[in-house]
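User: Please take a close look at one part of this model for me. Start from a single side chain and work outward.

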Amino acid sequence: MPNVSPAGPPMAASPLTVAVLEIDAYASTLGWDQPARLFALVDTARLRVQEPGLAAQLGLDDAASTTASLTPIEQEELPAGAALDDFLGTIAWPDSVAGCAMTVERLMLPPSAEASVPDGLSDKQLTQWVAKHPDRQEVRMTVAVLRDGARESAVRLREKDSPTEVLTGAGLVPGLAEALAATFES
């Protein structure tokens with residue numbers, strides 16, 4: 001069952017939940033209408049030892065400076081015009097990456113409106129139909145997966161753009177979670 005996060009991470013939150021909420025908070029500072037963003041998730045303690053220069057650049061050089069055990073590192077911009085599934089199919093992570101996360105914005109319909117979707121629409125037609133639907137909602141989805149299969153998601157509605165209104169749960173965006181998990185299959 002999804003949780004609504006308080007102003008900070010929930011007490012006893014898993015490291016993955018903390019990372020997802022940190023990425024969601026970062027994305028919220030950038031505003032809406034942003035491109036998809038991809039993040040590597042690395043073990044913070046391991047990063048400090050193996051890449052002290054990078055850890056210092058990220059403000060992680062002091063062990064007391066953060067309690068997060070996973071550090072999100074934003075990757076280069078996704079290629080313009082590339083289909084998300086196609087792009088994710090080209091990714092291979094080094095062993096030092098414990099997981100990955102992505103934040104994307106989409107239009108969604110409430111379940112009550114899904115029954116009215118016309119049959120036989122192409123993906124492009126469906127996108128156009130949803131964009132014109134009066135009940136559509138803009139959402140920002142942040143999804144993270146770890147190599148061990150753990151998953152977490154955060155969903156923020158544009159109309160309720162507040163840190164206290166972020167839904168979290170492992171199964172909120174299963175398709176994107178599957179696509180991200182596939183980047184670890186070799």
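Analyst: **Around Met-102**

Leave out the neighbours within four places in sequence, and Met-102 touches Arg-37, Leu-38, Leu-78, Leu-84, Leu-88, Met-141, Thr-142, Val-143, Leu-176 and Leu-180. This is a predicted model, and every value here is computed from it.

Which residues touch the most other members of the largest nonpolar core? They are Leu-38, Leu-84, Leu-88, Trp-93, Met-102, Leu-176 and Leu-180. The core holds 26 residues. Strand 2, helix 4 (84–88), strand 4, strand 5 and helix 7 (174–182) each give it at least two residues. Another core lies apart from it and has 13 residues, including Leu-16, Val-20, Leu-41 and Leu-146. In soluble globular proteins, nonpolar side chains tend to be buried together.

Now take Arg-37, a charged contact of Met-102. Where does its charge go? The side chain of Arg-37 forms a salt bridge with that of Glu-74, at 2.8 Å from N to O. The two sit 37 residues apart in sequence, so the bridge ties distant parts of the chain: Arg-37 belongs to strand 2 (residues 37–43) and Glu-74 to strand 3 (residues 70–74). Buried or exposed, which is Arg-37? Arg-37 is buried, because its relative accessible area is 14% and the cut-off is under 20%. Glu-74 reaches 31%, so it counts as partly exposed. Side chains of opposite charge can pair when their charged atoms come close.

A second pair joins strands 4 and 5, two of the elements that feed the core. Here Arg-140 and Glu-105 meet through their side chains, with 4.0 Å between N and O. This pair too spans distant parts of the chain: Arg-140 is in strand 5 (residues 137–146), Glu-105 is in strand 4 (residues 99–108), and 35 residues separate them. Both partners fall under the 20% limit, so both count as buried: Arg-140 has 2% relative accessibility and Glu-105 has 17%.

A third bridge pairs Arg-156 with Asp-161, at 2.8 Å from N to O. Arg-156 is buried, at 3% relative accessible area. Asp-161 is partly exposed, at 37%. Shared partners extend this bridge into one network of Asp-24, Arg-156 and Asp-161. The count for the model is seven salt bridges.

Step back to the whole chain. Its 186 residues are 35% buried. It has seven helices and seven strands, in the order β-α-β-α-α-β-α-β-α-α-β-β-β-α. Among contacts with a separation of 6 or more, 69% join residues 24 or more positions apart. The exposed area is about 10,600 Å², and carbon and sulfur atoms supply 53% of it.

How far does the predictor trust this picture? The mean pLDDT is 83, and 87% of the residues score at least 70. Confidence peaks in strand 6 (residues 151–157), with a mean of 95, and is lowest in strand 1 (residues 3–4), with a mean of 40. Residues 1–7 stay below 50, yet that stretch still has 19 contacts in the model beyond near neighbours in sequence.

To return to the start: Met-102 is among the core residues that touch the most other members, and its contacts include Arg-37, whose side chain bridges to Glu-74.

Key:
Residues are numbered from 1 along each chain as its sequence is written. This is a predicted model: local features need pLDDT of at least 70, side-chain atom pairs count only at pLDDT 80 or more; totals for chains, interfaces and linings use all residues. Side-chain values use heavy atoms; hydrogens and water are left out. Helices (H or I, at least four residues) and strands (E, at least two) are DSSP runs, numbered from the N terminus. Buried means under 20% relative accessible area, exposed over 50%, partly exposed in between (1.4 Å probe, protein chains only). Contact means heavy atoms within 4.5 Å. Accessible areas come from the Shrake-Rupley method with a 1.4 Å probe; for residues, only the protein chains shown count as cover. pLDDT is the predictor's confidence in each residue, from 0 to 100. A nonpolar core is a set of buried Ala, Val, Leu, Ile, Met, Phe, Trp, Tyr and Cys residues joined through side-chain atoms within 4.5 Å.
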